[in-house]
Structures are given as C-alpha cells and as structure tokens.
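User: Hello! I have just opened this entry and would welcome a friendly walk through it, one question at a time.

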Amino acid sequence: MNSLIIKMRKEGHRVYLLTGSRYTGTAYQKVFEKYNFTYDCSSLSEIFDSINPELAVYAGAFDTNYRWKEEENNAVRYSAGLMNILMGYSIRKRGRFLYLSSDEVYSGNYPEDIPETEPPTPSGIRGMVLAQAEEMCVNYHKSRNLDLIILRLDHYYSIPGCRAEVRDLCGAMCLEALEKKTITVASKRRFSLLYESDAVEFIYRAASCSRHQESLYHLSSGEEMSQKKLARMIKSAMGEEVEILEEAVPGERRILSGKRYESEFGNPFFCKVPVIVKKTVGRMKKYSHEYLTGEEEKRSILERIFGKLGWLIQALVPFAENMASFIPFFMLNNRAVGSAYFANLDFYLLYVLLFAIVYGQQQATFSAVFAVAGYCFRQMYDRSGFEVLLDANTYVWIAQLFILGLTVGYMRDQIRKLKKESMEAQDYLSLQLSDIQDINGSNVRVKDALETQIVNQSDSVGKIYSITSALNQYSPEEVLFYAADILGKLMKSRDVAIYTVSNAAYARLFSFTSAKAKSLGNSIRYTEMGELYETLARHKVFINRKLDDQYPLMANAIYEQDSMKIILMIWGISWENMTLGQANHLVVISSLIQNAVLRANRYLASLEQQRYVERTRMLKTEAFSMLTRACLNAKRKKLTECTLLQIDADPERYQTVGKLLECRLRQTDYLGTLEDGRLYVLLANTSEDHAACVIQRFAEVGFVSRIAGGGHHDAA
C-alpha cells in the first residue's frame with residue numbers, strides 16, 4: 001500500500017487512505033487525508049461522498065487488517081467489510097473500483113499457464129473466501145453497472161521489514177535459512193514470482209487506463225521458477241552453509257497467464273528474482289536480531305493459568321461475598337431475637353434485599369436460600385425440625401422473603417438492562433457523531449488546503465493565469481518571444497523553445513531560452529519526428545519517458561481550428577516532474593498562452609491593410625519599426641536570433657524591388673522601411689553568419705545588401 005501511495009503521488013494524483021482500523025498503528029506514507037475507520041462502519045458512504053474519488057483500490061487479499069490466524073472469524077469479517085465497501089462505493093455511480101486478489105484462488109497442478117477463463121479451485125478457507133469475494137465483485141459489476149477490475153497477483157513477494165511482515169514464500173524460505181540453516185522445498189513445485197514494484201506498475205496501468213475490455217486480469221511476470229532453484233539462490237546469497245532438504249511430495253505447477261493483460265496494457269515486468277533475493281537476504285542478515293526475536297515473549301505457566309481462570313474467578317467473587325456476608329447477618333439475627341428493640345427487625349430480609357439490589361435476581365435467590373437455612377436452624381433451638389416444617393408461619397415468611405428478594409432483583413436486572421441498552425445507544429450515537437465530526441473536520445481541512453492551493457500554490461490555476469496574463473502588456477509582435485520565457489518559469493526549466501508551423505511539414509524556430517533549447521535546429525520536419533508527432537497529432541502532451549536525446553523531454557502543440565500552429569518544447573525537466581500532473585500543468589499553460597497569441601494574431605490581422613504596402617509583402621515604416629524593435633529587444637535578452645539587412649535601392653523603386661525579393665524570402669522573414677527611409681529585410685532566427693547566403697542570393701538578382709550597423713539598430 002505504501003508503494004502504491006508513492007506511485008500515485010509521483011504521478012500527480014491526490015491520495016486518500018481508509019486504514020480499515022479505528023486505532024491503526026501502521027506507519028503509512030503521507031497522504032492528502034487519512035481516515036481511521038473500520039470497513040464495516042455505517043459512515044463509509046459518507047466518506048465516499050466526501051472524497052468523491054475517481055478510483056478506489058482495495059488491497060483485498062493483501063490487506064494487513066486480516067491476519068488469518070483464526071480463519072473462520074476473519075472470513076466473516078472480510079466478507080462483511082467488502083460488502084459494505086462495495087455497497088457504499090456503488091451508490092455513487094461514479095469512479096473505478098480495483099480489487100486485488102491472488103493466485104490462492106487456484107490449487108492443484110496446471111501443466112499450462114492458467115488463463116482468466118479458468119474457474120477458481122480454492123483448497124483452503126482463505127482461498128475460498130477470496131474466490132467468493134471475486135464473485136461478489138463480479139455481481140456488483142453486473143447488477144450495479146460498477147466500473148470494476150479484479151487483479152489476481154501471481155505469487156506476490158516483497159522485502160519484509162520485520163518478522164511480522166514475512167508473509168510470502170520467498171520471505172518464509174529466507175527466514176527458515178536464517179533460523180535453522182536449512183531450507184525445506186518441494187523440488188517439483190513451479191510458480192512465477194511478482195515483485196512489489198512490478199506489481200505496483202501493473203496495478204497503476206490498469207488503474208489509469210481510459211477504458212478496459214475485461215473486468216478480470218492476471219498479473220504475472222511470466223518467468224517460470226522452481227522452489228529448488230529459488231532455494232539455491234537464497235543459499236548462494238546467504239554465503240553460509242545452508243542445507244536444502246527436499247520433500248517427497250507430488251509435483252505442482254501453478255502459474256497465471258498474463259497474456260490478456262499484456263495484450264491490452266503491455267508487460268512492465270522489470271525486477272529480476274536473483275537481485276531481489278540478494279537484497280532480501282542482505283537485509284535479513286544485517287538485522288537478524290529483528291527477524292529471529294520478533295515473536296512475543298512467552299508468559300509463565302502461572303500467568304497463563306490465571307489468564308485461563310480469570311473469568312471463573314470473576315464469576316465466583318459475588319458468591320464468595322454472599323457466603324461471607326451471611327455470617328454477620330446470622331449473628332445479628334440471633335442477637336435480635338431476645339431484644340426488646342430489634343425483635344421485629346428481620347435481618348435476613350435485609351440481607352436478601354441487599355444482594356438483590358447490588359447483584360440482582362441470581363444473588364437474591366442464592367442469599368434467600370442461605371437465609372431460609374439460617375432461619376430454620378435458629379427455630380430449631382426451641383422446637384424440633386418437624387414442628388418447624390408444620391408451622392404455616394415458616395412458609396409465609398419464606399414466601400415473603402423470596403417474593404421481595406426476587407421482585408427487587410428482577411427490577412434491578414431490568415433497570416441495569418435498560419441502562420446498558422441506553423449506554424450502548426449513547427455509545428453508538430456518540431460514535432456516529434464522532435465519525436461525522438471526523439469527516440466534517442476532514443472536509444474542512446481539504447477545503448482549506450484547496451483554497452490555499454488555489455490562492456498561494458505556485459502551480460495553481462490562479463497563479464498561472466496571473467503570470468501568463470503578463471503577456472497582454474507586450475505588443476502583438478512581442479507575445480511569442482516572451483511566451484518562451486514565461487513558459488520556462490512556470491515549468492521550472494531553463495531550456496524552452498517555441499516553433500511556429502510554417503506549412504504542413506515544417507516548423508520554424510521562433511524563440512528559445514538557451515542553446516540546448518534550439519538543439520533541434522532552426523527548421524524541423526516535425527511530421528517525421530515519430531512518436532512526438534503522433535502524440536501531438538492526437539492532441540496529447542508528449543512525455544519523453546525513454547529519455548531519447550533526439551526529442552525534448554516534454555512537448556505540446558497549440559491548435560487553431562484543428563490546425564497545428566505552434567509547438568512548445570521543453571528540456572531540462574527532472575525525472576520526478578515528468579508526470580501526468582505536470583503534463584496537465586503544461587496543457588493549462590498552453591491554453592493561456594494560446595489565448596494571448598490568438599488575441600495578438602487577430603489584432604494584427606485586423607490591421608493588415610494598414611500595415612502592408614498595397615499588393616505587396618512590404619511592411620510600412622511604422623509597422624516594420626515596431627516589429628524590428630521587438631525582434632532586436634528579444635535578441636538582446638537572448639530569446640531569439642535575428643539579422644537586419646540593409647538593401648541599396650532607389651526609394652522610388654522600393655515596391656518593384658520588394659516584389660523581386662519576395663520570392664527569395666521565407667514566410668518568417670519581413671521586408672520594410674525604417675525611419676531613415678532606407679529599405680531593410682528582417683531575417684528571423686538567422687545569425688549574422690547564416691545571413692551571408694541571403695546576401696549572396698540578393699546579389700544574384702542585382703541587389704547589394706549588407707548587415708545593418710548599430711546605428712540602424714538604434715533607429716529601429
């Protein structure tokens with residue numbers, strides 16, 4: 001569960017944890033909110049409503065709240081808890097539910113890998129309970145239309161942190177080797193091990209998929225392993241003399257087939273068994289005292305006897321008190337018989353009433369029997385026993401004693417019963433109130449945290465909007481230059497490049513923030529960039545998980561009416577930030593940048609007739625000056641490269657010259673005049689070295705051009 005929490009948090013998800021115990025002592029990883037509630041509590045539906053989760057993962061077969069030492073009791077608790085969870089979750093009609101099962105639903109020998117279509121064949125109570133739990137999940141999936149996936153993990157194992165965490169086959173064999181220097185194996189037993197980190201990756205792929213074809217998948221590494229081979233690995237890693245003892249038992253092969261999962265999600269199996277076995281043995285040897293002495297301390301024989309007889313002693317205490325109290329009441333009654341003041345005082349009746357009030361009907365009956373015996377014994381001082389039995393007053397007195405004693409005892413028992421029921425109802429309502437208060441307190445904390453995130457968090461939508469809105473203060477010609485700088489700040493990267501799509505196949509570098517960011521070149525054929533282009537064409541964010549040097553670490557495209565216009569590329573992102581959450585972060589930033597760019601483009605389009613000389617691509621002096629000033633300012637801030645060329649031509653022939661040069665300019669180059677009245681060409685994303693070929697091209701058609709000096713820069 002801790003590994004799943006770490007994985008979910010790394011991928012940018014907000015994680016809530018239901019521990020399944022009101023007084024849990026397990027040290028879980030940090031989550032957004034933790035609920036210490038049992039699975040059978042009546043407030044479970046309120047918790048789900050409060051969280052409103054998109055995904056619920058139930059540990060199921062690996063839930064540590066069930067130790068399975070008393071299998072019958074755990075079976076009832078397990079089934080009841082799962083039923084309550086499914087009922088509370090299915091009411092919402094939203095979100096996906098993952099149930100984790102194990103290979104224990106199968107038993108016996110299977111020569112071929114076990115497919116999902118093979119019906120379960122459990123042998124023990126635990127396996128039977130897991131199979132019934134799977135069937136329960138399937139019924140909810142069909143009857144309540146619940147988006148549910150059952151994942152069976154094939155021989156899951158991990159590195160145990162202490163003796164109590166030794167639950168899998170590999171850990172048990174390592175512990176046996178550490179304790180007894182022997183490993184008992186069934187040499188013909190074959191299986192496939194699935195390590196913890198691989199299992200987490202398997203689970204996450206199924207959890208995060210947009211859609212799935214089946215509701216049951218087997219998670220298996222697919223690598224067949226014999227128990228004898230595993231024992232040899234442990235022996236080799238132990239580095240000590242460990243004896244392998246073989247049991248004469250029939251061969252058993254039980255391996256789950258992961259073909260269904262692999263065909264739909266791929267196989268992320270990565271960890272090799274020998275490496276994990278070596279790590280497991282190394283840890284257990286290093287902290288051997290924790291694994292060897294982890295058992296509870298045995299109590300002495302006397303303590304165990306008192307523990308067994310404690311309930312009996314507690315039950316006998318009222319009877320002992322009753323017998324001990326009879327003696328002083330017997331003596332008082334004998335003294336009162338001859339007394340002028342106390343002759344009419346019935347001490348036996350007081351004795352019976354006392355125990356009826358204190359202990360109830362049972363002790364009232366017991367004390368009444370003692371009182372009758374004492375009364376008869378006292379009467380026999382003066383009369384014979386036969387005379388006492390024939391005296392009607394004796395029976396009247398006995399009837400009076402029992403009637404009063406039993407009536408008072410009955411009333412006392414009823415009052416105590418009512419008080420107990422009242423206390424139980426009060427405890428239940430108090431528990432409900434406490435649950436509601438905990439849930440409400442959690443909701444308040446979540447609300448406050450979300451408010452803080454929206455207002456203060458550096459990557460909140462409010463912060464992003466406040467930063468990207470700064471683009472509005474720049475002129476339309478400057479927006480894309482400074483968009484690269486803002487994108488780098490928001491994505492925490494020094495290497496950002498913005499490419500503008502010039503046609504259906506090529507994109508031109510417009511602005512960049514570092515030399516690394518322009519490593520792909522000034523012009524790229526983006527339709528031939530394989531996975532990057534395929535991802536952007538699907539309107540998705542490209543994440544370079546393979547760390548291929550030919551591609552940026554993250555990229556996104558800005559579209560206008562299903563036509564790709566701008567490509568944002570980012571390098572220099574840490575591996576921890578290459579997550580789904582960061583991708584969504586980039587989508588939000590791209591949308592806000594798109595708004596600023598579209599606003600600038602629409603403004604320039606509306607002024608197109610005023611900016612250009614009629615029927616030419618030559619900008620008028622004011623428009624060209626603003627564009628040149630924007631490019632040169634961006635160049636000084638190292639956000640782009642550009643070169644300004646001065647053309648020697650007669651001012652009266654500027655339009656004719658412009659038309660001749662248009663065919664020799666790129667779509668991203670601009671032609672126009674500055675305040676000094678001379679004709680210039682602005683070469684975007686072109687260094688002075690690369691401008692030499694353009695000067696040569698102009699010379700071929702009879703025009704002399706040169707790189708403009710500082711004075712012209714200042715004039716611009």
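Analyst: Welcome! One definition to begin with: helices are DSSP runs of H or I with at least four residues, strands are DSSP runs of E with at least two, and both are numbered from the N terminus. Please keep in mind that the model is predicted.

User: Where does isoleucine 159 lie?

Analyst: Isoleucine 159 belongs to neither of the two elements that flank it. Its place is the loop between strand 6 and helix 5.

User: Is isoleucine 159 buried, exposed or partly exposed?

Analyst: The relative accessibility of isoleucine 159 is 26%. Buried needs under 20% and exposed needs over 50%. Isoleucine 159 therefore counts as partly exposed.

User: How far apart are the C-alpha atoms of isoleucine 159 and threonine 280?

Analyst: Along the chain, isoleucine 159 and threonine 280 are 121 residues apart. Leaving out neighbours within four places in sequence, the contacts of isoleucine 159 are Tyr195, Ile276, Lys279, Thr280 and Arg283. The C-alpha atoms of isoleucine 159 and threonine 280 are separated by 5.3 Å.

User: How many helices and strands does the chain have, and what share of its residues is buried?

Analyst: The chain has 24 helices and 24 strands. It contains 716 residues, and the share that counts as buried is 43%.

User: What share of the contacts with a separation of 6 or more joins residues 24 or more positions apart?

Analyst: The pair of isoleucine 159 and threonine 280, 121 residues apart along the chain, gave us one example of distant positions coming together. Over the chain, among contacts with a separation of 6 or more, the share from residues 24 or more positions apart is 69%.

User: Does the span of helix 5 agree or disagree with what its residues should give, and what is that span?

Analyst: Helix 5 covers residues 169–180, which makes twelve residues. At 1.5 Å a residue they should span 16 Å, and the distance between the end C-alpha atoms agrees: 16 Å.

User: Which elements are among those that cover the buried residues of helix 5?

Analyst: The buried residues themselves are Cys170, Gly171, Met173, Cys174, Leu175, Glu176, Ala177 and Leu178. Their cover includes strand 6, strand 7, helix 7, helix 9 and helix 10.

User: Which residues does methionine 284 touch, beyond those up to four places away in sequence?

Analyst: Methionine 284 is part of helix 9. With a relative accessible area of 2%, it is buried. Its C-alpha atom is separated by 7.9 Å from that of leucine 178, although the two are 106 residues apart along the chain. The residues that methionine 284 touches are Pro160, Gly171, Cys174, Leu175, Leu178 and Tyr291.

User: Are helix 3 and helix 4 roughly parallel or roughly antiparallel?

Analyst: The axes of helix 3 (residues 71–90) and helix 4 (residues 125–143) come within 10 Å and cross at roughly 15 degrees. Angles under 35 degrees fall in one class, so helix 3 and helix 4 are roughly parallel.

User: How are helix 12 and helix 13 oriented to each other?

Analyst: Helix 12 (residues 347–358) and helix 13 (residues 361–379) have axes that come within 8 Å and cross at roughly 165 degrees. Their crossing is right-handed. Among the helix 12 residues that meet helix 13 are Tyr348, Tyr351 and Phe355. With an angle over 145 degrees, the two helices are therefore roughly antiparallel.

User: What is the orientation of helix 1 and helix 6 to each other?

Analyst: Helix 1 (residues 2–10) packs against helix 6 with the axes 10 Å apart and an angle of about 50 degrees. In this pairing, Ser3, Leu4, Lys7 and Met8 of helix 1 meet helix 6 residues including Val200, Ile203 and Tyr204. Val200, Ile203 and Tyr204 are also among the buried residues of helix 6. The orientation of helix 1 and helix 6 is therefore oblique.

User: What is the phi of histidine 539?

Analyst: Most residues other than glycine have a negative phi. Histidine 539, in the loop between helix 18 and strand 17, is not a glycine, yet its phi is positive. The phi of histidine 539 is about 60 degrees.

User: And what is the phi of leucine 547?

Analyst: Leucine 547 sits in the loop between strand 17 and strand 18, and it is partly exposed, with a relative accessible area of 46%. It too is not a glycine, and its positive phi is about 55 degrees.

Terms used:
Residues numbered from 1 in each chain as written. Predicted model: local features only at pLDDT ≥ 70, side-chain atom pairs only at ≥ 80, totals over all residues. Heavy atoms only, no water. Buried < 20%, exposed > 50% of the residue type's maximum accessible area, 1.4 Å probe, protein only. Contact = heavy atoms within 4.5 Å. Axes fitted to C-alpha atoms, helices over the stretch in contact; angles between N-to-C directions. Parallel < 35°, antiparallel > 145°, perpendicular 65-115°, else oblique. Left-handed = near helix turned anticlockwise from the far one by under 90°. Expected span 1.5 Å × (residues − 1).
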